[in-house]
Amino acid sequence: MPITESRKQELIQQYRVHESDTGSPEVQIAILSEEILNLTEHLKSHRKDFSSRRGLLKMVGRRAKLMSYLKRCYHSRYLDIKKRLELRHS
């Protein structure tokens with residue numbers, strides 16, 4: 001189940017880096033994290049939905065790549081987003 005447009009705007013407002021920011025790694029990670037949580041809840045009740053499971057794994061991989069980019073290029077921003085979203089990325 002995709003997130004609503006209003007929820008997406010809330011996430012953008014909460015995690016943006018500057019005023020006109022809509023696509024920074026922090027915003028993308030926050031949106032992906034929300035979608036991952038929603039899809040995880042869906043898969044708890046629909047265990048045999050393998051196409052959604054594949055989509056979930058792709059989202060987790062995309063979020064991990066964005067986290068690695070932040071860790072490599074902007075370490076302080078990486079630590080901040082990791083703490084705010086309570087992620088366990090190494």
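This passage describes the burial and contacts of selected helical residues in a predicted model.

Helix α1 spans residues 5-15, and within this helix Leu 11, Ile 12 and Tyr 15 are buried. These residues lie on the same side of α1, because the arc that they cover around the axis is only 100°. In general, an α-helix has 3.6 residues a turn, so residues three or four places apart point the same way. The packing partners of the buried residues of α1 are α2 and α4, the latter formed by residues 75-85.

Helix α2 comprises residues 25-45 and includes Glu 34. The relative accessibility of Glu 34 is 17%; as buried means under 20%, Glu 34 counts as buried. When residues up to four places away in sequence are not counted, Glu 34 touches Ile 3, Arg 7 and Leu 11. Of these partners, Leu 11 is among the buried residues of α1 named above.

Helix α3 extends over residues 50-73 and contains Leu 70. With a relative accessibility of 0%, Leu 70 is likewise classed as buried. Neighbours within four places in sequence being left aside, Leu 70 is in contact with Pro 25, Glu 26 and Ile 29, as well as with His 75, Arg 77, Tyr 78 and Ile 81. Pro 25, Glu 26 and Ile 29 fall within the residue range 25-45 of α2, whereas His 75, Arg 77, Tyr 78 and Ile 81 fall within the range 75-85 of α4. Along the chain, Leu 70 and Phe 50 are 20 residues apart, and a distance of 30 Å separates their C-alpha atoms.

Note on methods. Residues numbered from 1 in each chain as written. Predicted model: local features only at pLDDT ≥ 70, side-chain atom pairs only at ≥ 80, totals over all residues. Heavy atoms only, no water. Helix = DSSP H or I, 4+ residues; strand = E, 2+ residues; numbered from the N terminus. Buried < 20%, exposed > 50% of the residue type's maximum accessible area, 1.4 Å probe, protein only. Contact = heavy atoms within 4.5 Å. Arc of directions from axis to C-beta.
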